[in-house]
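Dear colleague,

I am handing over the structure we spoke about, and below it I have set out what was found in it. Please read the notes with the model open beside them.

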Amino acid sequence: MVCTCLWVTAQQAKTYVIKADSIEAHVQPTMYGIFFEDINMAADGGLYAELIKNRSFEFVPNLMGWTKLQKNGGDGSVEVVDRAKERPENQHYITLSVNSNSGYYGLSNEGFRGIGVKKGETYIFSVMARQHAGSKIILYVQLVNADGSVLGSAALTPISKEWEKCTVKFTANATAEKAHFDVLAKKAGAIDLDMVSLFPQHTWKNRPGGLRADLVQKLADLKPGFLRFPGGCIVEGRDLANRYQWKKTIGDIDKRENLLNRWNVEFKSRSTPDYYQSFGLGFMEYFQLAEDIGAEPLPILNCGMACQFNSGQTVPLDQLDPYVQDALDLIEFANGSTDTKWGNLRAQLGHPKPFNLKLMGIGNEQWGENYIPRWKIFTKAIKDKYPYMQLVSSVGPDPDGEKFDYLNKIFREQHADILDEHYYRSPKWFLSNATRYDNYDRNGPKIFAGEYAAHAEGVTDPYKKNNWQCAMAEAAFMTGLERNADVVKMASYAPLFANIDAWQWAPDEIWFDNLHSYGTPSYYVQQLYSLNKGTDVVPLTLNHQAVTGQDETYASAVLDNKTQTLIIKFVNTANKISDASFVVKGKKLKTTGTLTILHSDSLDKVNSIQYPMAVSPKQQNITIAGNKIKLALKPYSFNIIRVSYSK
Ligand code: AHR
């Protein structure tokens, strides 16, 4: 459909000039990416599709998430056994003893705020089991709805007297949002159990023990240029003992040492004592995920400093070697030939081809003088061995002020590659910072807008909505990122995911429950930028000035030289129509194009599980005459105008 209703008279319109033959900067293919951190139950209880919480009994207390269960007069006991000396990385298992041949005795798992079950889905139960001498315990497993109805069940009899992985599948007969899972034993005897696990068969790419397909799809739909992982503050840990160590997150899942998630106790008002890291989503899975969704991997490594909002522990400089070695080994793991120690391990884990790692972060959100000597040691060691690596350096938690100025100055003197700026600020801040990068040194370090989000309400209020006001302010600000693509090389909204029942930090880009997920208005802003990033920035001006807030409007333009398309981004933050006439010079435009609008009449509008698309892009066709694009652009709208041009 060609919509003519948007034509307005030239007298009413503001005239914007686009010099399409005057390229100002190239847009990096990596420009718009994603920041993944295991916060808000983004990994366990989220992206990682495991349905059993505390599957290896390593939480404190060990039976957290589990309830003892008797049926039909069954009787028995559960004992947690400590084998720390033998298995320091997986210290506990349970012995389930059944006292009589009648009835059932066992445990029920509550899942991550319940278990989402889908009718017709096949579920794969697996367990490490060891029958005691003389026992022939049968295990009955079942998914049970909140009303007590059985949604699916299976039985299996582990036979080995040594640890053995046993598996059985069953199909669910109904859908449920908050089921639980029972493991019941029958016949007198005793059996040891560990790694009690339940996965849906359908995961992302149907990988066994894989990732939740709907959530990965949301990431793939962003067509991200990079994937930053695994955080965030969890890289640092509340103290160094609880820092993220990538080597402990690869290989057999029962050998990946569980760790308290530092967000577990971070905010009293959003306390989540059951938040641990199983590392089922570990570094191999992160690299694989990046490859699957076409994103450059960007791991962030601990640089010998624990979270400075918590203990702020530092490793003495003469003891930093193992930390540096972890970074060097990670590069070998990602890129090394299969003849190398770590490259060979990558091949054994199923990926002989290198992951082509080029980016790495030295520390997460560090600040202060302790960071500098550690950063120097890391940088020298990495650059000496892998000069092609581009290193990301933190300039602290704020976009200005003492901490920022200190690091910004030093890293510029040190010719750092990429500076990671963070800003969680008000919508107003985002609007007034659309010009932030206009005067940055064009020859200095490049900028990674590594964590940002507009926060609608006071910082002390934990629930800050992902409303349209925030998303629109981000869209306006991002015209400034795009205009300065010669300086800003990468940008990612943060945090990425939030479990509706178990979040610690809001706003977030994507929200989910056990069965559903939705993108916020901010998600669609990110997506529209990413899908329309183009290749070359061209000037778009009003009265010879960049459009950075005049009449409450913000704009930028790029060419996509692969598809020969002019792409204009125009954000009208005013509560009135903006009549615009875009006069395009230097390229001959085709006479039709598209206008994609992200818009709401209400600044307070949000998306939700019930209304996931309340604020979402709508596309229509437009006509163009005389190389001018004339449009009446809606109040409170983010607009993407695409028009092809002749070669
Ligand atoms: O995105 C949430 C947190 O904000 C990150 O973990 C940290 O880097 C920043 O303080």
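A polar contact is taken here as a pair of N or O atoms within 3.5 Å. By that cut-off, glutamate 37 makes such a contact with the ligand, because one of its polar side-chain atoms lies 2.5 Å from a ligand oxygen atom. Please keep in mind throughout that this is a predicted model.

The ligand site

Two other glutamates place a polar side-chain atom by an oxygen atom of the ligand: for glutamate 451 the distance is 2.6 Å, and for glutamate 365 it is 2.7 Å. Of the 280 Å² of accessible area that the ligand has on its own, the protein covers 96%. The residues around the ligand are Phe35, Glu37, Gly232, Cys233, Trp263, Asn364, Glu365, Tyr424, Glu451, Pro495 and Trp505, and by class this shell consists of 6 nonpolar, 2 polar and 3 charged residues.

Some members of that shell deserve a separate look, for reasons of backbone geometry or position. Gly232, which is one of the residues around the ligand, is joined to glycine 231 by a cis peptide bond with omega of about 10°, and glycine 232 sits in the loop between β15 and β16. Cysteine 233 is found in the loop between β15 (226-229) and β16 (259-260) as well; its relative accessibility is 8%, and therefore it counts as buried. Between cysteine 233 and leucine 222 there are 24 Å in space, C-alpha to C-alpha, for a separation of 11 residues in sequence. Pro495, also listed around the ligand, follows a cis peptide bond from alanine 494, with omega near -15°, and proline 495 belongs to the loop between β23 (488-493) and β24 (497-499).

Other backbone points to check

Most residues other than glycine have a negative phi, and most peptide bonds are trans. Against that background, which phi value does arginine 113 have? Its phi is near 55°, a positive value in a residue other than glycine, and arginine 113 lies in the loop between β7 (104-109) and β8 (115-117). With a relative accessible area of 24%, arginine 113 is partly exposed. Tyrosine 636 likewise has a positive phi, of about 45°, although it is not a glycine, and its place is the loop between β35 (628-633) and β36 (637-645). Tyrosine 636 has a relative accessible area of 13%, so it is buried.

Pocket and cavities

Rolling a probe the size of a water molecule over the atoms shows where empty space is left. The largest pocket has a volume of about 800 Å³, and among the 31 residues that line this pocket, Pro208, Gly209, Gly210, Ile253 and Glu285 are the closest to its centre. At least two lining residues come from each of β9 (122-131), β12 (164-171), β14 (189-200) and α2 (283-292), and it is α2 that gives the largest share, with 5 residues. Sorted by class, the lining of the largest pocket has 13 nonpolar, 10 polar and 8 charged residues.

How many cavities of 30 Å³ or more does the structure hold? There are 6 of them, and the largest contains about 100 Å³ of space. Its lining is formed by Pro230, Arg243, Tyr244, Gln245, Trp246, Phe283, Ile300, Leu301, Asn302, Tyr323 and Asp326, with β18 (296-301) and α3 (321-335) as the elements that give two or more residues. This lining of the largest cavity divides into 7 nonpolar, 2 polar and 2 charged residues.

In the second largest cavity there is about 90 Å³ of space, and the residues that line it include Asp44, Glu50, Arg55, Phe112 and Tyr276. By class, the lining of the second largest cavity has 4 nonpolar, 5 polar and 3 charged residues.

An enclosed helix

Finally, helix α9 (residues 521-531) has 10 of its 11 residues buried, and so it is largely enclosed by the rest of the structure. Pro521, Tyr524, Leu528 and Ser530 are among the buried residues of α9.

With kind regards

Conventions:
Residues numbered from 1 in each chain as written. Predicted model: local features only at pLDDT ≥ 70, side-chain atom pairs only at ≥ 80, totals over all residues. Heavy atoms only, no water. Near = heavy atom within 4 Å. Polar contact = N/O pair within 3.5 Å; in protein donor to acceptor, adjacent residues only side chain to side chain. Areas by Shrake-Rupley, 256 points an atom, 1.4 Å probe, with all protein chains shown as cover. Nonpolar A, V, L, I, M, F, W, Y, C, P; charged D, E, K, R; others polar. 1 Å grid on protein atoms, 1.4 Å probe; cavity = no way out; pocket = protein on both sides within 12 Å on 5 of 7 lines; lining within 4 Å. Points joined across faces, edges and corners; volume = space filled by probe spheres on them. Helix = DSSP H or I, 4+ residues; strand = E, 2+ residues; numbered from the N terminus. Buried < 20%, exposed > 50% of the residue type's maximum accessible area, 1.4 Å probe, protein only.
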